[in-house]
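Reader: Got a minute to go through this model with me? I'd like to start with how the helices pack.

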Amino acid sequence: MLHKPKVEQSAKNIALFPLAPGRLAGIFILINRAKGVLSMTGEKKIDDCLSIRNGHLFMEECDTVELAREYGSPVFLVSEDQLRRNIRRYRQSFESGWTDGPVKVMPAAKASWSHAIQKIIAEEGCGCDIYSPGELAVALDSGFDPQFISVNGVPKDDEHIENAIIQGARITLDGIEEIDVVERVADKLNRIATVRLRIRPTISGFRKFTHFNPTGPVATDIAAMSYKGGMMYTQAIEIGKRILKMKNVELVGFHQHHGRHHPSTKYWVEQMKSYAEEMGHVCKALGGYQPREISIGGGFAGRRDPFNAETHYTEPYELLALHGLSILLNVFGPRVRYGVINFILNLMMEYVPNRNLAPTIEEYAGACTSALKEYLPQNGISAKGLMLQMEPGRSLHGDTAIHLTTVKNAKPMDKPLTWNKYIVDTTQFWFTGGIYEHHLHDYVIANRADEKKIEKADIVGRSCYGDRLLPFVRVPKNLRVGDVLALLDVGAYQEVSMSNFNAMPRPATYLVKGSSVHLIRKSETLDDVFRRDVMPRHLQGAAKP
Ligand SMILES: Cc1ncc(COP(=O)(O)O)c(C=O)c1O
């Protein structure tokens, strides 16, 4: 056997071993999910904002099939109510665990930075984690209180630092080079710059394989060290000592962010433990310094967890074995060779979106707050009055949005291999943030949402690349031109990472609120696509052969 099933089954593992225990667990979860969400009216709830009514996928009170017809396809749809619900859940669950001081939810703008989305987040009383001058501009336009804008990122240009100080935003220091600039600008402006130290604690207590490294099995504590964000606590001590002597720079606390290495709550308990220990070292070295605020960053998985959840380390070896076999089979002639390969491909290759739900926001908040309450005092840091901040990205935005795309071509293929393809009017190049993180989004055929998915096929995008958006997945039998496919959980990192490959204009985004729909980002025209092109003088005029 090429692959040993694990208890924590990944989507691909389940697919490759049809009767493995994980698959049975997946089926069990599905049955229970279906049981739990089927209402008396026949409406099937997928989650808070998505439901199936009379075979059609609805977002809030809108039929998504009608929306695709009316507003065009492809298109991104974001549920305003879902975003507000998620923010409130975050705040309430952290507030119920963190009772000694205030809580501030400061969502990561990078996950979804359009003005309308940021305005909703600001209206909900949140702060904002920003990475770049562009994100700072959106945050300021949206009305966030600058003291709750965390200016993250490395490197930061001097101009960006100066603007952040002028605006009164928090500078989250991530490198010794930054402090000189901060001091110089603060002195020049004669203003107090408020800063905190971003550290990168070693999560020595969590050694399970990270999901962040698709090239091979690496323990999370080691993988986390390869990330550029954050400093060693010894460097933080050095900077901290200098800040305490500065006239116009005030150290208000600490920051950390590791990313989505693992969805389990154990990962968070260990993160908080090492964070508390390393903050403790810094505080001690600074003569008993007490922070006013600490941020735990983001990195918690979305519920259906489409990112990284499919990491499957033995796949390259399986494919290599298949390749070896395909060479050996040459001697039997094409009929036998393709026959055997077809059998094996059909048996092995099936991608199933992740069925292992990540813990809930409440479970995550409970794990973080109880660990911090235990480990902060042990390391000499008082929780009394300490503000706890968090910067959710994927777990806050993911399930707020879907992407609708329409089937344009059907390419059945049953000889010499069975390999059906349905070509849709979107592309992987509009999901590049996800490709980097090995995503596999769950999906629904929006106009045939009640039909069983029985046929195996590739859903292929429109770019000239292979563009296998959903490779080897199950769909209803004979998808037709005009059928509308909805990719779920695309609210984080996807819309903001679209590219113009093949000179394709990027699609629009609409905000759905109950039964009303509002444009929040226009689709591009060809003029938009070519706007940055400049023709040098010697190339102007008619082309000369
Ligand atoms: C500093 C910081 N905070 C928060 C986030 C959000 O992370 P996630 O979307 O995994 O929650 C990121 C993402 O890279 C980040 O760099």
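Reader: At what angle do H4 and H14 cross?
Author: Roughly 35 degrees for helix H4 (residues 80-97) and helix H14 (residues 361-378), whose axes come within 8 Å. This is a predicted model, where local features need pLDDT of at least 70, side-chain atom pairs count only at pLDDT 80 or more, and totals for chains, interfaces and linings use all residues. Residues are numbered from 1 along each chain as its sequence is written. Helices (H or I, at least four residues) are DSSP runs numbered from the N terminus. Axes are lines fitted to C-alpha atoms over the stretch in contact, with angles from 0 to 180 degrees between N-to-C directions.

Reader: And which residues make that contact?
Author: Arg-89, Tyr-90, Ser-93, Phe-94 and Gly-97 of H4, with H14 giving Ile-361, Glu-362, Ala-365, Gly-366, Thr-369 and Ser-370. Contact here means C-beta atoms, placed from the backbone, within 7 Å. They divide into four nonpolar, five polar and two charged. Ala, Val, Leu, Ile, Met, Phe, Trp, Tyr, Cys and Pro count as nonpolar, Asp, Glu, Lys and Arg as charged, and the others, Gly among them, as polar.

Reader: OK, how does H11 sit on H14?
Author: Helix H11 (residues 265-285) packs on H14 at about 30 degrees, with the axes 8 Å apart. That makes H11 roughly parallel to H14, since angles under 35 degrees count that way.

Reader: What's the residue mix there?
Author: The contact of H11 with H14 has 11 nonpolar, one polar and three charged residues. Among the H11 residues are Trp-268, Val-269 and Met-272, and H14 brings in residues including Leu-372 and Tyr-375.

Reader: Switching helices: what angle do H5 and H6 make?
Author: About 55 degrees between helix H5 (residues 115-123) and helix H6 (residues 133-142), with axes 9 Å apart. H5 and H6 are therefore oblique to each other. In H5, His-115, Gln-118, Lys-119 and Ala-122 meet Val-138, Ala-139, Asp-141 and Ser-142 in H6.

Reader: Now the ligand. Which residues come nearest?
Author: Ala-108, His-257, Gly-298, Glu-391 and Gly-393, out of 19 residues around the ligand (C-beta atom, placed from the backbone, within 6 Å). By class, that shell has five nonpolar, nine polar and five charged residues.

Reader: Last thing, where does pLDDT stay under 50?
Author: Over residues 1-38, for which the model has 58 contacts beyond four places in sequence. pLDDT is the predictor's confidence in each residue, from 0 to 100. The chain averages 91, and 92% of the residues score at least 70.

Definitions and conventions
Contact = placed C-beta atoms within 7 Å. Helix = DSSP H or I, 4+ residues; strand = E, 2+ residues; numbered from the N terminus. Parallel < 35°, antiparallel > 145°, perpendicular 65-115°, else oblique.
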